[in-house]
Every structure is written in structure tokens, then in C-alpha cells.
Amino acid sequence: TRHYGECLTHQPGPSAAPTSAHILVAESAPADPVLEQLAAALEAGSAQLGAEAGMAVTASYLRWRKHRTFARQMLAITQADVYVTGAGSGSLWACFMKPGGTVVHLGERKKTFMGEPYVTYAGDHMFPALRFLRVVYYQDVDYTVAGVVSTIRGVLAAARRGHPLASWSRADALSPLGKAWEHMCRLDPGGCATVAGLLTGFHIPKGADAKVCSGYAEDVFYGRDGWFNGGPCFRNLTAINAAANAHLARPPWHWADARLDDGTAYTQALLAGEATVAGNRAAGSALIERARRERAPPLPSRVDLDCAADVSSADQSPGRSPQAMHTALLPRFAGKDLVELGSRRGDGVCCFSRVARSTVVIEPEVSDCQGLSRRSAEQGSLGLGNFTVLCGFFPEVSHDGDIFTFWEDMPSAFRNLPILRALRRLQDEGRIRQNAEAVLLFDPQVPYDRVSWPKLRGLFAWHLHVDFDEESACTGSVFRCSRSKGTFLAAALPVKSVPLEDVLHADTPFPAMETLSALPSQ
């Protein structure tokens, strides 16, 4: 007791490089097969890890049912230099690790009320008090044995260099969500209290459904509707941004090759300036203004077709891109082999297929795919041009074309950069033509799109902006329909220009949204 009490107040400098390290993987409840595979891989590869790190490395698997007594569990924990654990009571055992140890916190994988996956780190509030330990948060939504082993390699390499524990601050020990949540609460204490009350169920407004309010509060916290305003659950609440943007809006983060506070700048900028619907629109306006200053190349030719007037809409904005944008793209799609990645109910492709040489849709949603096949047959029977429908997920399902067009999907992993890299790999394999072009759509009112635009801007061959107004046809919440009017952006880039390495992430950090208009234009 005296030993660990001293550790709580001790301020050590850099430790001497260790000559050995024991990795302990804690069993989860219920048992997780990935953790069992991880422990087996570490035990089998301990010699190789040791050779890489320049120390003797051993590994073992802590099965709680085989260590039933407190004494046996304590003995196992105190022998660990690296402790791999998930969320829950297993992580609390970390307080008994030897000084200078590192906790690799895997977190717990869940889904928000709207189905978006996220990682939570129950128990991370304990680590700021444990000044004698490091904690590394593994943030990939889908964690794998290879990914965790890579993180452990970084931990061992840092241990070999010596841990500067004296610089390990309280903030460093919080999880990414914990950091963003603290910042959010400092900016908006009232909103913080409201969301916390809704999450716990202690403060549900009269006349509101407790389950629904709790679910939406979870979405606010974890990244689905952080700029939501209004409704029975959020009356008198200044809308607050989602804490999860610190890692949901970025590629998977690993401690070994990033700053310990990496990823929070974008969240803090968003929190500071885009908390309300009005703030969200204002931030989008900065991007729109910059696009207006940059002229797109002349249109190839005029196409006498209006998608809004000539195509019967089966969907509505903002669920799909605006018909005005579809109309603006017709001259660029005319006479080309077009592939659309995801079309929902087909309002866009029904218009595109009337001018393109050939049109293919790759649609992952089964119900939408069936509906698209029916629309294609109906349009073909009227002599208006049909299109081919391929059901499945890109890039598992692919097709060759001159142009590949898509709009990244906010609540899923269907993001611009992974899609572009998949296209580039298909091109390198000879499965799509060498002159293929990608045409991406952007909604300036969506933070993910505002982040993606400046990261890809240097690759654009051309871009255009289109004003639209479909607000009168929108049904749904005030927040949802606020995006049915405004300006939409489209940009094109050669597939062969897409870098396969992560230079865009490394060289172009997320800027604060209010600085976008100040970026140099070409």
C-alpha cells in the first residue's frame, strides 16, 4: 500500500531503458476470440518482438476463471509491463501495475442510436490519477490482431527509449472522447449538463420519450447529430458538436506514429465555431465563397435537359444530392461511360443515363438495388435510356468506366479517400481504364465534406458550385430540411493522381473551418 501510495505523488524523470518486458492480455467478458488470437500471436511472436525492441519479451493470457482469487489476479497484474485490456472492470486492475508500465486500452465497440459504430473507453476517468503509468487508446472501430500488435510494437519502442513520465499530464491520460467531452463542456456547460442528463435518464423533458431522448443524446456525444437543434429532447439547448469527431473524421490513429493529442484540433475548431445550425451554415459558406472565386473550366457543351423537371423524383434532398447539381453535371457526363457508386432511389442516374454513352450503378442497399432495377426497366421501356444495376459493395463489386461519381456517406465507412484509393488500385491492376476520372460531390453543410475538400483540393482538375432550393419538398426535422437549400459542390480528379500512401493525411492536417476562405486559390 505504501509503495503504490508513493507512486501516486511521485514525479519521475525518464526511466532507464528496460532489458525485458512482459505483455499481459486480459480476457474479456464475454470472451472475445480476437483477444485469444492476440494472446496466442504474442506468445508465438515474443522472440521476434523482443529482437525488434532490443529486449527480452514474454507474453501471457490472463483468464479470469483460472485466476479466481484476488492474490492470483494481483500477482499477474504486478508482473505486467504492458497490459492489454478492454473497457470495464478489467481496466481498473491497471492501478496495480508496476511504475513505468503501459496500458493498451482497446475500448468497447458499440453503435449509436442511428447505427453508426464508435469506440467507448469506460474507466478512462481513472487514468489521469495514475501518474506512474502510460495509457494508449486503440481507436480503430474494427480492431484486429495485426493492428493491436502494431500498437504494441510502438509501445515497446517508446519504452526502449525511456518514458518521459514527468510530462505525462492529466489530459494526456484521457481517451479521445474524454478530451473532446471535457472541451465541449467548457465551451457549453449548459449543453453538457443537458446531454449528460439525457444520457443517464435523470433529466428527461416532460412529454418526451426517455428511450428516444437517451438515444439522441448518445448520437450527439458520439458523432451522428452533434449539430442537432430543436425537438422535444433538446429544447433550450445550444446544439453541441459530437465528441467522436476527434477520431471518426480521421483515418485510424496509432499512438506509435502520431502525437498523443493528435486529432483534437479539428474537433475543437468545430466546437468553437459551428455549434448551432446557423454556425454550421456559416462554416459551409466559407468553403462556398472560396469555390466561387475559383473558376471551373468551360462546359464541354450544353445539354437541353433539366433533371428536376424531366425526371420524376423518388427521393428528396438532403437524402440525395440536388437535382440542380445533377443537371449541371450532364454536359460533363454526356457521351461518356459512367459508373455511379451508390444511387439510393436513382433520381440522379435516371437523368445521367439519358446523356451518357453507358451507365452503371453499384448499389449496396438491397431494397434500393431492387428499386433501381425497376426504374431502369421502366425508363428503358419509354425509350429514355436505361442503366445497368450491380448489387453489392464497392470495391468488391466494380466496373470499368470513363467517370466514377459518388458522394461519401456520412454514417458509414464510405469515405472519399478510401474510395479513391480503391479506384487507383483497380486502375493499377488494369481493371479500369488509365484515363478514368472521379467526380466527387460535397455538401458544405456536412463537416465530413468540409474536411475532405481541402485535403483533396490539390488534386482537382476542375470543380463547380451549384445553388439549389428543394426545401419545399423536404419532409422531416427542421435540422434535416435546413440542408435542402444552399450550395452544392462537385470536383473531378484523375484517378491516376491519387496517392496510395497516406501523404494527404500527413501533409494536410484538418484546418479550422473558419480558415478555409483564407486558403490560397489557383
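Hi everyone. Let me start with what I mean by an aromatic pair: two rings of Phe, Tyr or Trp, with the six-membered ring taken for Trp, whose centres lie within 6.5 Å. Please keep in mind that this is a predicted model. With that definition, a search of the whole structure turns up 10 aromatic pairs.

Here is one of them. Phe333 and Phe352 have ring centres 4.9 Å apart, and their planes meet at 85 degrees, so this pair is edge-to-face. Phe333 sits in helix α13, which covers residues 323–333, while Phe352 sits in helix α14, residues 347–352, so the contact ties together parts that are 19 residues apart in sequence. Are these two rings buried or exposed? Phe333 has 0% relative accessibility and counts as buried, and Phe352, at 2%, counts as buried too.

Next up are Trp407 and Phe488, with ring centres 5.1 Å apart and planes at 85 degrees, so we call this pair edge-to-face as well. It links distant parts of the chain: Trp407 is in the loop between β11 and α16, Phe488 is in strand β14, and 81 residues separate them. Phe488 is buried, at 2% relative accessibility.

Two more aromatic items before I move on. Trp64, Phe70, Trp93 and Phe96 form one aromatic cluster. And for those of you who like a charge over a ring, Arg332 lies over the face of Trp462, at 4.0 Å from the ring centre.

Now to the charged side chains. The whole structure contains 15 salt bridges by our search. My favourite place to look is Arg320. Which acidic residues does Arg320 bridge to? One is Asp347, where the closest N and O atoms are 2.8 Å apart. Asp347 belongs to helix α14 and Arg320 to the loop between α12 and α13, so this bridge ties together parts 27 residues apart in sequence. Asp347 is buried, with a relative accessible area of 1%, and Arg320 is buried at 7%. Another partner of Arg320 is Glu470, with the closest N and O atoms 3.1 Å apart. That bridge spans 150 residues, with Glu470 in the loop between β13 and α18. Glu470 is buried, just like Arg320.

Last stop: Arg357 and Asp337, whose closest N and O atoms are 3.0 Å apart in a salt bridge. Arg357 lies in the loop between α14 and β9 and Asp337 in strand β8, so parts 20 residues apart in sequence are tied together. Arg357 is exposed at 57% relative accessibility, whereas Asp337 is buried at 12%. Through shared partners, salt bridges join Asp337, Arg357, Asp400, Asp402 and Arg433 into one network. Thanks for listening!

Conventions
Residues numbered from 1 in each chain as written. Predicted model: local features only at pLDDT ≥ 70, side-chain atom pairs only at ≥ 80, totals over all residues. Heavy atoms only, no water. Phe/Tyr/Trp six-rings, centres within 6.5 Å; stacked < 30°, edge-to-face > 60°. Helix = DSSP H or I, 4+ residues; strand = E, 2+ residues; numbered from the N terminus. Buried < 20%, exposed > 50% of the residue type's maximum accessible area, 1.4 Å probe, protein only. Lys NZ or Arg CZ within 6 Å of the ring centre and 35° of its normal. Salt bridge = Lys/Arg side-chain N within 4 Å of Asp/Glu carboxyl O.
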